[in-house]
Amino acid sequence: INSRSDDIDNVTKGTCEWIFQHETYRRWAVCDRGLLWIKGKPGSGKSTLLQHVLKKHNKEPGTRARPLILTFFFHGRGVELQKTPLGLFRSLLHQILREVPDALQDLTTAFQQRRDTIGKPGEKWQWHVNELQHFFKSSLPTALESRPIWLFIDALDECGEQNAVNIVQEFKSVLQEPLATGLQFRICFTCRHYPILGLNCGFEICLEHENGQDISTYVQSRLSQAIPLIPDTIPTAIRNRASGVFMWARLVIDRVLDRERRGWGWKKIEAEIYHSSPELDALYQELIQDMDEGPASGKLIRWICFAWRPLSLDELRWALIVDSDCAYTTLQHCQSAEDYICDVDMMERRLKTLSHGLAEAVPSSNKRVAQFIHQSVRDFFFKTGISVLLDGLMPAGTEASETDMVVGTAHYQLSRTCIRYLAMEEIARAKIPRPSHDSVRLTSEFPLLHYATMSWIGHVKESERKGISQDDLLNYFSWPSEDLVRLW
């Protein structure tokens, strides 16, 4: 649930230090109660800046009055708990319970009573977000008596518009609660300019107005490491066109390095930089137009966009080879295909190539999963670039709007890939282990098995809900044993 903060790149040396000297930040840091809003364009470096601030605070020497630092990084590309208020309050309460357990005696009592009378949490009962919100609010007086609290919440916009608005209202009301004099409670949000149009909080920093020198330092550092002798006009051009957006600079640097490897002249590279749109969506559009493996790239993007959870590299390499109209009936035949990806290292290289750098592999539990490099990339594919997901494929007999057609067709293709995988002869012959915890062995032998078994029905239903015909569904079934289905 807290893995998002680990995905954030370390700052380039010499960047982000300005925040501690910024007048607004300094005023917020010495007030008893206040809300600081760090706002900025998509890709302007909000998460990186906040991570740097947290590292600075965590390095401060420990004392009895050392502040209690509470954090949560919303993650729109992550699992459900990483992008919902439920995940936020579960995480915050866990942090308070670890540091100031006396502040949450009501929660621990409720937990023990339900466990004893209802059963195992997560199976027999679930916490509701409203009661967790109540426990958080009621814990503050006791927690604040022991030490000051600094609360940092990143990427508020990634939990959805209404959720973001509700969270802001909730925390503003907490700050207005009567507390004993001298108790210090400071909150910092980072968020895009939308959906929170104005907090009227008194402390606001607009990142793209402050990060010009940081972008210049970042561009110079990356280019000089890769190409020791580079004309000054190239980093200058990138800095001038970036308009406060680190993500734009990062992608254009990648393109510059690619052009240099291909032997382009510097004048031609500089001209391309100035012809690149300064808008992120337009730059993403240029990158996907350059994709020279269109069908394979489209398939990859569909899986990253529409899988119910991020796929591991091992799952993804099988998802890409077992197509919805796959002619193979055995996994052995799949392994003989010319585009078969033999291991996760090769899959990670293909991930970068097929996505033109718009996707990456990040650690998650004990594996590496595929995701877009930034929330703005996902937003782009669901908005401007959604047509690349269709790839010219649509089942016959379908009537739907363009967006519904694209989304429904993507789920259609994912559902058929899952079914094709489950119908492979090796899986149909698989010896079913008992007890069911031996399913770990099956997952190791057949990496996509668990996702395919648990997800194909959901993809079918979503595809049908979007108006895509399912008349051909029964044609796909050469079903594995009932024992296998029962196991999952």
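**Exercise 1. Getting your bearings**

What percentage of the 488 residues in the protein is buried? Work this out, then sketch the overall make-up of the fold.

*Solution.* Keep in mind that you're looking at a predicted model. Start with burial: 53% of the 488 residues are buried. Next, count the elements, and you get 22 helices and seven strands. Finally, look at the contacts with a separation of 6 or more: 74% of them join residues 24 or more positions apart.

**Exercise 2. Two helices that cross**

Describe how helix α18 (residues 402–422) and helix α21 (residues 449–465) meet.

*Solution.* Begin with the axes, which come within 8 Å and cross at roughly 145°. The crossing of α18 past α21 is left-handed. Now pick out the residues that touch. On the α18 side they include Gly408, His411, Tyr412 and Arg416, while the α21 side brings in Leu449, Trp456, His459 and Glu462, among others. Sort the residues of this contact by type and you have 11 nonpolar, six polar and two charged.

**Exercise 3. A closer look at α18**

How many of the 21 residues of α18 are buried, and what does that say about its surroundings?

*Solution.* First check the length: α18 reaches 30 Å from its first C-alpha to its last, close to the 30 Å expected for its 21 residues at 1.5 Å a residue. Then go through burial. The count comes to 17 of the 21 residues, so α18 is largely enclosed by the rest of the structure.

**Exercise 4. The buried side of α7**

Find the buried residues of α7 and work out where they sit around the helix.

*Solution.* Helix α7 covers residues 161–175, and its 15 residues reach 22 Å from first C-alpha to last, close to the 21 Å expected. Its buried residues are Ala164, Ile167, Val168, Glu170, Phe171, Val174 and Leu175. They take up an arc of only 165° around the axis, which puts them on the same side of α7. Here's the background for that pattern: an α-helix has 3.6 residues a turn, so residues three or four places apart point the same way. What lies over the buried residues of α7? The cover includes β1 (33–39), α4 (85–99), α6 (129–146), β3 (149–154) and β4 (185–191).

**Exercise 5. Two glutamates**

Place Glu270 and Glu360, then list what each one touches beyond its neighbours in sequence.

*Solution.* Take Glu270 to begin with. You'll find Glu270 in helix α11 (residues 266–275). Its relative accessibility is 17%, and since buried means under 20%, Glu270 counts as buried. Leaving aside neighbours within four places in sequence, Glu270 contacts Thr233, Ile234 and Ala237. Ile238 is 32 residues away from Glu270 along the chain, with 8.7 Å between their C-alpha atoms.

Now for Glu360, which belongs to strand β6. Not counting residues up to four places away, Glu360 touches Arg250, Leu351, Val369, Ala370, Gln371, Phe372 and Ile373. From Glu360 to Arg350 is 10 residues in sequence and 10.0 Å from C-alpha to C-alpha.

**Exercise 6. Positive phi in the loops**

Is Cys16 buried or exposed? Do the same check for His356, and read off phi for both.

*Solution.* Cys16 sits in the loop between α1 (4–7) and α2 (23–30). Its phi is near 75°, a positive value in a residue other than glycine. With a relative accessible area of 6%, Cys16 is buried.

His356 lies in the loop between α16 (344–354) and β6 (359–364). Phi of His356 is near 55°, again positive in a residue other than glycine. His356 has a relative accessible area of 29%, so the verdict is partly exposed.

Conventions: Residues are numbered from 1 along each chain as its sequence is written. This is a predicted model: local features need pLDDT of at least 70, side-chain atom pairs count only at pLDDT 80 or more; totals for chains, interfaces and linings use all residues. Side-chain values use heavy atoms; hydrogens and water are left out. Axes are lines fitted to C-alpha atoms, for helices over the stretch in contact, and angles run from 0 to 180 degrees between N-to-C directions. Helices (H or I, at least four residues) and strands (E, at least two) are DSSP runs, numbered from the N terminus. A crossing is left-handed if the near helix is turned anticlockwise from the far one by less than a right angle, and right-handed if clockwise. Contact means heavy atoms within 4.5 Å. Ala, Val, Leu, Ile, Met, Phe, Trp, Tyr, Cys and Pro count as nonpolar, Asp, Glu, Lys and Arg as charged, and the others, Gly among them, as polar. The expected span of a helix is 1.5 Å times one less than its number of residues. Buried means under 20% relative accessible area, exposed over 50%, partly exposed in between (1.4 Å probe, protein chains only). The arc is that of the directions from the helix axis to the C-beta atoms.
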